[in-house]
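I opened my notebook for a look through this model, going entry by entry. Here is what I looked up, in the order I got to it.

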Amino acid sequence: MTSTTTFALIRHGQTDWNAALRIQGATDIPLNDVGRGQATDAVAPLSAFEWDFVVSSPLSRAAETADLIAADLDLAVKHRIPGLIERNYGPAEGLTAGEELEALRFPGGFHGAETESRVAERGINALRQLAHEHPGARIIVVSHGTLIRLSLERVLERSVGSIGNASLNLVHHHPAGWKLDILNGQTPPE
């Protein structure tokens, strides 16, 4: 058995709030029909690899995306992991660009929101716990764009940009660190 654990980090499919450019955060907004289609479309790139099981955030948009992917790949959804929930944006949730949102903004965040550092720590801890409990496993993790981005940026020590809905992000965790093979369905630049 190898000590390298492989993760497919998948952002949930689209919601009505994504389409309207509203900040969702920890607010539990369901997938829309476009998002369900994106979840189904995510299966093709995932099927190029072997997977052991699926886990997800407990928020409904991630849970439904995970359920759709798991059903198409004939896999089990083993856990809904609270540590994979999206960043809590506090009073900014539900807002779109404008004066009200700008009044909450400060460099690196929003007043009343969970810090980027805390989000990254939460996401990394959840992935490390999975690697510890399932060494060598190949796990599909369905979560949220900001949590995935901040977690990857912390472990890779570089910017990765925004994470697309239902896009494949393939990362390996091993004792010496982390290696990113696929970002938003593409080979990442060096």
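**Entry 1: a glycine in a loop**

Where is the place of Gly108? I found Gly108 in the loop between strand E4 (105–106) and E5. A reminder to myself before going on: this is a predicted model.

I then asked which residues Gly108 is in contact with, leaving aside its neighbours within four places in sequence. Arg87 and Glu116 came up. I also checked Gly108 against Pro30, which lies 78 residues apart from Gly108 along the chain. Their C-alpha atoms are separated by 27 Å.

**Entry 2: the sheet**

Next I traced the strands. I counted 6 strands in an open sheet, and read their order as E3-E2-E6-E1-E7-E8 with mixed pairing. Why is one side of E3 and of E8 left without a neighbour in the sheet? Strand E3 (77–80) and E8 stand at the edges and each has a single partner strand, so one side of each stays free of a neighbour there. On average, neighbouring strands of this sheet are turned by 25 degrees against each other, direction ignored.

A note to keep beside this entry: strands of a sheet pair through backbone hydrogen bonds, either parallel or antiparallel.

**Entry 3: the hairpin at one end of the order**

I zoomed in on E7 and E8. Strand E7 (residues 168–174) pairs with strand E8 (residues 177–182) in the antiparallel sense, over 5 bridges. How many residues does the hairpin use to join E7 to E8? I found 2 residues in that connection.

I looked up two bridge partners here. His174 has Gly177 of E8 as its partner, and Leu170 has Ile182 of E8.

**Entry 4: two helices on the sheet**

Now for what packs on the strands. H6 packs on the sheet and touches strand E1 (5–11), strand E2 (53–56), E6, E7 and E8. The direction of H6 makes about 145 degrees with that of E1. H7 lies across E1, E6, E7 and E8, and runs at about 140 degrees to E1.

How do H6 and H7 sit against each other, at what angle? They pack at about 85 degrees, with their axes 8 Å apart. The two helices are therefore roughly perpendicular to each other. From H6, the contact includes Glu116, Val119, Arg122 and Ile124. From H7, I listed Leu147, Arg149, Leu150, Ser151, Arg154 and Val155. By class, this contact of H6 with H7 has 6 nonpolar, 3 polar and 5 charged residues. Glu116 is a residue I had already met, as a contact of Gly108.

**Entry 5: the cavity**

I went looking for enclosed space. For the record, rolling a probe the size of a water molecule over the atoms shows where empty space is left. How many cavities of 30 Å³ or more does a search of the whole structure find? I got 1, and about 50 Å³ of space lies in the largest cavity.

Its lining is made of Leu9, Leu84, Gly123, Leu127, Val141, Ser143, Leu147, Ile148 and Ser151. Helix H6 (116–133), strand E6 (138–143) and helix H7 (145–156) each supply at least two residues of that lining, and H7 gives the most, with 3 residues. I sorted the lining into 6 nonpolar, 3 polar and no charged residues.

**Entry 6: the pocket**

Last, the largest pocket, with a volume of about 540 Å³. Which residues lie nearest the centre of this pocket? Out of 26 lining residues, Arg11, Ile23, Glu86, Tyr89 and Thr146 do. Strand E5 (109–110) and H7 each supply at least two residues of the pocket lining. H7 gives the most here, with 3 residues. The class count for the pocket lining is 8 nonpolar, 10 polar and 8 charged residues.

Terms used: Residues numbered from 1 in each chain as written. Predicted model: local features only at pLDDT ≥ 70, side-chain atom pairs only at ≥ 80, totals over all residues. Heavy atoms only, no water. 1 Å grid on protein atoms, 1.4 Å probe; cavity = no way out; pocket = protein on both sides within 12 Å on 5 of 7 lines; lining within 4 Å. Points joined across faces, edges and corners; volume = space filled by probe spheres on them. Helix = DSSP H or I, 4+ residues; strand = E, 2+ residues; numbered from the N terminus. Nonpolar A, V, L, I, M, F, W, Y, C, P; charged D, E, K, R; others polar. Axes fitted to C-alpha atoms, helices over the stretch in contact; angles between N-to-C directions. Parallel < 35°, antiparallel > 145°, perpendicular 65-115°, else oblique. Contact = heavy atoms within 4.5 Å. Pairing = 2+ DSSP bridges.
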